[in-house]
Each structure stands twice: as structure tokens, then as C-alpha cells.
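Subject: Structure handover

Hello,

Here is the structure I promised to pass on. Please open it first, then read the notes below.

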Amino acid sequence: RAETTGSDGRAHIGGLSPGRSLDMELQLASLPDLNLRPAQPGVAVMLRPGQTLDVPVPLRPTGEIEAQVIVQHGDTEQAVSGVEVMLKDSQGRTVATARSDFEGQVYFEGIILGAYRLTAQEASATIAVVLSEQAPLARGGVLTIQR
């Protein structure tokens with residue numbers, strides 16, 4: 001069920017059955033800043049009879065990344081759909097994937113601030129992206145596939 005927090009960001013949720021695992025998550029649309037996201041997507045808790053439990057939900061700023069995938073045939077460039085694009089962190093781990101849409105656009109949202117690389121399997125190069133509090137939106141990168 002949904003509960004609303006007070007001005008201090010706290011909610012008292014009563015009437016929960018002890019001894020059962022409960023899943024709790026923050027409703028993202030309720031946040032005043034859509035770039036704030038919980039550090040974890042949700043939390044599972046289990047109450048004992050008579051227990052009062054504080055469940056902190058730390059928020060952190062996030063950003064968005066937009067890019068385009070094109071195919072280059074000689075001197076001709078064309079946006080291409082359906083290409084899987086990977087977002088990799090500084091250690092090379094894939095943190096998110098997206099497929100290009102009918103205009104070749106890919107979009108990643110809710111990305112933790114930091115340094116990343118965008119790559120596609122057939123792309124000739126990767127795109128370096130840095131998200132920061134001063135620049136939470138990165139756009140305009142183009143991944144080129146040579147064919």
C-alpha cells in the first residue's frame with residue numbers, strides 16, 4: 001500500500017504483520033526532483049512482534065545520457081534502429097543496455113553520476129561520457145557503424 005511522508009521525509013506505517021518479509025520501495029514520481037533516485041531500488045524487511053523499525057532510504061543525484069547510432073556507407077550516413085548499446089563503467093562493467101529506436105536514438109536515465117563509455121558491438125569507436133552535478137545530462141554522442 002502507499003504511504004505519504006511528512007515534511008521531515010518520514011512515514012509511520014502501522015498495521016503490518018510481523019514475521020513476514022515485506023518489500024518496500026520509493027515511488028519515484030513522488031520525488032520533487034526526478035534526478036534524485038534511491039541508492040537501492042528497494043528494501044526487504046521483516047518485523048518482529050512489537051518492533052519499530054527505521055528504514056532509511058538515502059537518495060543520490062543521477063543523470064541521463066542520450067546518443068545516436070548511425071551506419072556509414074561510404075559518404076552516406078543513416079540512423080539505424082535495433083542496435084544494442086552498452087553503458088560501461090570505468091572498470092569496463094556493463095551497467096545498462098538500451099536498443100536504438102527508429103531514429104537511432106538511445107536513452108539512459110537514472111544513471112549514477114560518474115565516468116562511462118558507450119559502446120555498440122559493431123561501432124568503430126566508443127563514446128566517453130561524464131555525468132556530474134553540474135552536467136547531469138550528456139547528449140549529442142554518435143556511435144558510428146561502418147558497413
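These notes cover the fold and overall shape, then the two pockets.

**Model and fold**

Please keep in mind that this is a predicted model. The chain has zero helices and 11 strands. Read from the N terminus, the order of elements is therefore plain β throughout: β-β-β-β-β-β-β-β-β-β-β.

**Overall shape**

The chain holds 147 residues, and its radius of gyration is 21 Å. A compact globule of that length would come out near 15 Å. The C-alpha trace spans about 70 × 30 × 30 Å along its principal axes.

How much of the chain is buried? The share is 27% of the 147 residues. The accessible surface comes to about 9,900 Å². Carbon and sulfur atoms hold 48% of that surface.

I also looked at contacts in the chain with a separation of 6 or more. Of these, 49% join residues 24 or more positions apart.

**The largest pocket**

Its volume is about 1,600 Å³. The lining counts 43 residues. Closest to the centre are Ala 11, Ile 13, Met 24, Val 55 and Val 57.

Which strand gives the most to this lining? That is β1, with three residues. Both β1 (21–24) and β3 (43–46) supply at least two residues each.

By class, the lining of the largest pocket has 23 nonpolar residues. Another 13 are polar, and seven are charged.

**The second largest pocket**

This one holds about 280 Å³ of space. Its lining is made of 15 residues. Nearest the centre lie Arg 37, Pro 38, Arg 60, Gly 110 and Ile 112.

Which elements give two or more residues to this lining? They are β2 (36–38), β4 (59–73), β7 (94–99) and β8 (105–112). The largest share comes from β8, with three residues.

Here the lining of the second largest pocket splits into 10 nonpolar, three polar and two charged residues.

**Where to start**

To find the largest pocket on screen, begin at Ala 11, Ile 13, Met 24, Val 55 and Val 57, the residues closest to its centre. Then bring up β1, which gives the most to that lining. For the second largest pocket, pick out Arg 37, Pro 38, Arg 60, Gly 110 and Ile 112. Then add β8, the source of the largest share of its lining.

Best wishes

Definitions and conventions
Residues are numbered from 1 along each chain as its sequence is written. This is a predicted model: local features need pLDDT of at least 70, side-chain atom pairs count only at pLDDT 80 or more; totals for chains, interfaces and linings use all residues. Side-chain values use heavy atoms; hydrogens and water are left out. On a 1 Å grid over the protein atoms alone, a cavity is a set of points where a 1.4 Å probe fits but cannot get out, and a pocket is an open set with protein on both sides within 12 Å along at least five of seven lines; lining residues have an atom within 4 Å of a point. Grid points are joined across faces, edges and corners, and a volume is the space filled by probe spheres set on the points. Helices (H or I, at least four residues) and strands (E, at least two) are DSSP runs, numbered from the N terminus. Ala, Val, Leu, Ile, Met, Phe, Trp, Tyr, Cys and Pro count as nonpolar, Asp, Glu, Lys and Arg as charged, and the others, Gly among them, as polar. The radius of gyration is taken over C-alpha atoms; the globule rule is 2.2 Å times the number of residues to the power 0.38. Buried means under 20% relative accessible area, exposed over 50%, partly exposed in between (1.4 Å probe, protein chains only). Contact means heavy atoms within 4.5 Å. Accessible areas come from the Shrake-Rupley method with a 1.4 Å probe; for residues, only the protein chains shown count as cover.
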